[in-house]
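Subject: Structure for you to look over

Dear colleague,

Here is the structure I promised to pass on, with the sequence alongside. Please open it before reading further, as my notes follow below.

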Amino acid sequence: MYRAIIMWFRGQDTAFQRGMCCLMRLYVSNVRSEDDIKNFIIDNTEVVSSQSLTPEISLRLFTPTCRFWTEKPELWPFPDPYWAIYWPGGQALARYLLNNPEVCGGRKVLDLGCGCGASAIAARLSGASHVVANDIDPIAAIATKMNCELNNVDHLPCVTDNMIGLKPEAWDLILLGDMFYDEGLADHLHKWLQTCISTHGTQVLIGDPGRAQFESHDIRKLLHQLAYFELPDTVKEENYGLTSSTVWCYKYKPNL
Ligand SMILES: C[S@@+](CC[C@H](N)C(=O)[O-])C[C@H]1O[C@@H](n2cnc3c(N)ncnc32)[C@H](O)[C@@H]1O
């Protein structure tokens with residue numbers, strides 16, 4: 001069922017998705033307390049670790065034992081459960097950071113579109129001095145906080161502003177796990193990343209399992225492969241034939 005929700009949400013345009021997330025922020029802050037939402041997450045997810053590229057990170061995710069794996073979509077009270085999936089792009093990114101702690105060591109890191117927060121957690125576990133997790137979905141921010149607790153990671157702020165298009169902060173490193181699933185979002189990101197790089201010399205790492213929207217986008221020509229991972233069998237099965245996931249960085253500073 002949750003895949004049906006996601007496919008429907010993906011089919012909407014970016015403006016619609018952002019609008020829904022704004023409404024969600026209002027709903028979450030005015031109607032349901034953070035404790036209510038935490039309890040909802042506890043009741044509707046399972047703690048898993050072993051079936052991903054990063055077994056050392058535990059996450060609360062949807063699994064076949066969860067009610068909403070098979071439940072009717074209309075009973076789901078929130079619009080977008082992206083945070084309940086550990087996406088292949090995020091898995092590759094987190095694996096790469098854990099394998100190469102010098103990439104994050106002592107640096108100021110932003111995980112944009114954090115979802116379940118795994119890449120942010122990997123950045124902290126690899127020695128980043130300051131990590132901010134960002135997702136426009138307020139439920140993702142709460143899920144990320146809970147996943148930080150599961151992994152004994154503290155002092156990791158989770159913010160829900162839409163940063164894309166805003167004046168960028170001086171991040172040393174921006175992480176993007178599976179963020180190129182929508183053409184409009186990819187275009188906005190591409191422009192904003194160029195500003196981050198040219199203003200602050202920010203390094204950008206992208207994890208992607210070869211999605212069509214990424215492979216066919218102009219950004220792809222500017223990138224070079226850092227690491228390639230074969231996905232675990234369960235991840236392949238859950239991702240309709242995707243078999244691998246790659247970490248990319250910019251070849252050179254793009255022109256504005
Ligand atoms: C496919 S999920 C990837 C999650 C995570 N990075 C991973 O790899 O597991 C994409 C996430 O991006 C978030 N998102 C979409 N547009 C965003 C934006 N403008 N700013 C921040 N997050 C955004 C969604 O809410 C969703 O959680």
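A residue is called buried here if 20 or more other C-beta atoms lie within 10 Å of its own, exposed if 12 or fewer, and partly exposed in between. Please keep in mind that this is a predicted model.

With that cut-off, serine 49 has 15 other C-beta atoms within 10 Å and is therefore partly exposed. Serine 49 sits in the loop between β1 (46-48) and β2, and, leaving aside residues up to four places away in sequence, serine 49 touches Pro55, Ile57 and Ser58. The C-alpha atoms of serine 49 and leucine 59 are separated by 6.4 Å, although these two residues are 10 residues apart along the chain.

The helix I would look at next is α4, which has 12 residues and reaches 16 Å from its first C-alpha to its last, close to the 16 Å expected at 1.5 Å a residue. Because 10 of its 12 residues are buried, α4 is largely enclosed by the rest of the structure. Its buried residues are Pro88, Gly89, Gly90, Gln91, Ala92, Leu93, Ala94, Arg95, Tyr96 and Leu97, and they pack against α5, β6, β7 (203-208), β8 (223-230), α9 (233-238) and β9 (244-250). Among these partners, the strands β6, β7, β8 and β9 are the ones that α4 lies across, and α4 runs at about 65° to β9.

Helix α5 (residues 118-125) is mostly covered as well, with 8 of its 8 residues buried: Ala118, Ser119, Ala120, Ile121, Ala122, Ala123, Arg124 and Leu125. The elements that cover these residues include β2 (59-61), α4 (88-99), β3 (108-112), β4 (130-134), α6 (138-150) and β6 (173-177). After α5 comes glycine 127, whose phi is positive, near 100°.

How do α4 and α5 pack, in angle and in distance between their axes? The angle is about 0° and the axes are 9 Å apart, and the two helices are therefore roughly parallel to each other. Gly90, Leu93, Ala94, Leu97 and Leu98 of α4 make this contact with Ala118, Ser119, Ala122, Ala123 and Leu125 of α5, and by class the contact has 8 nonpolar, 2 polar and no charged residues.

A second helix pair is arranged in another way: helix α3 (residues 34-44) and α6 pack at an angle of about 70°, with their axes 10 Å apart, and are therefore roughly perpendicular to each other. Here Glu34, Ile37, Lys38 and Ile41 in α3 meet Ile139, Ile142, Ala143 and Met146 in α6, and the residues of this contact divide into 6 nonpolar, no polar and 2 charged.

Finally, the sheet: the order of its 7 strands is β5-β4-β3-β6-β7-β9-β8, and it is an open sheet with mixed pairing. Its edge strands, each of which pairs on one side only, are β5 (158-159) and β8. Within the sheet, β3 and β6 run parallel and are joined by 3 bridges, and aspartate 111 stands opposite leucine 175 in β6.

With best wishes

Definitions and conventions:
Residues are numbered from 1 along each chain as its sequence is written. This is a predicted model: local features need pLDDT of at least 70, side-chain atom pairs count only at pLDDT 80 or more; totals for chains, interfaces and linings use all residues. Helices (H or I, at least four residues) and strands (E, at least two) are DSSP runs, numbered from the N terminus. Two residues are in contact if their C-beta atoms, placed from the backbone, lie within 7 Å. The expected span of a helix is 1.5 Å times one less than its number of residues. Two strands pair if DSSP finds at least two bridges between them. Axes are lines fitted to C-alpha atoms, for helices over the stretch in contact, and angles run from 0 to 180 degrees between N-to-C directions. Angles under 35 degrees count as roughly parallel, over 145 as roughly antiparallel, 65 to 115 as roughly perpendicular and the rest as oblique. Ala, Val, Leu, Ile, Met, Phe, Trp, Tyr, Cys and Pro count as nonpolar, Asp, Glu, Lys and Arg as charged, and the others, Gly among them, as polar.
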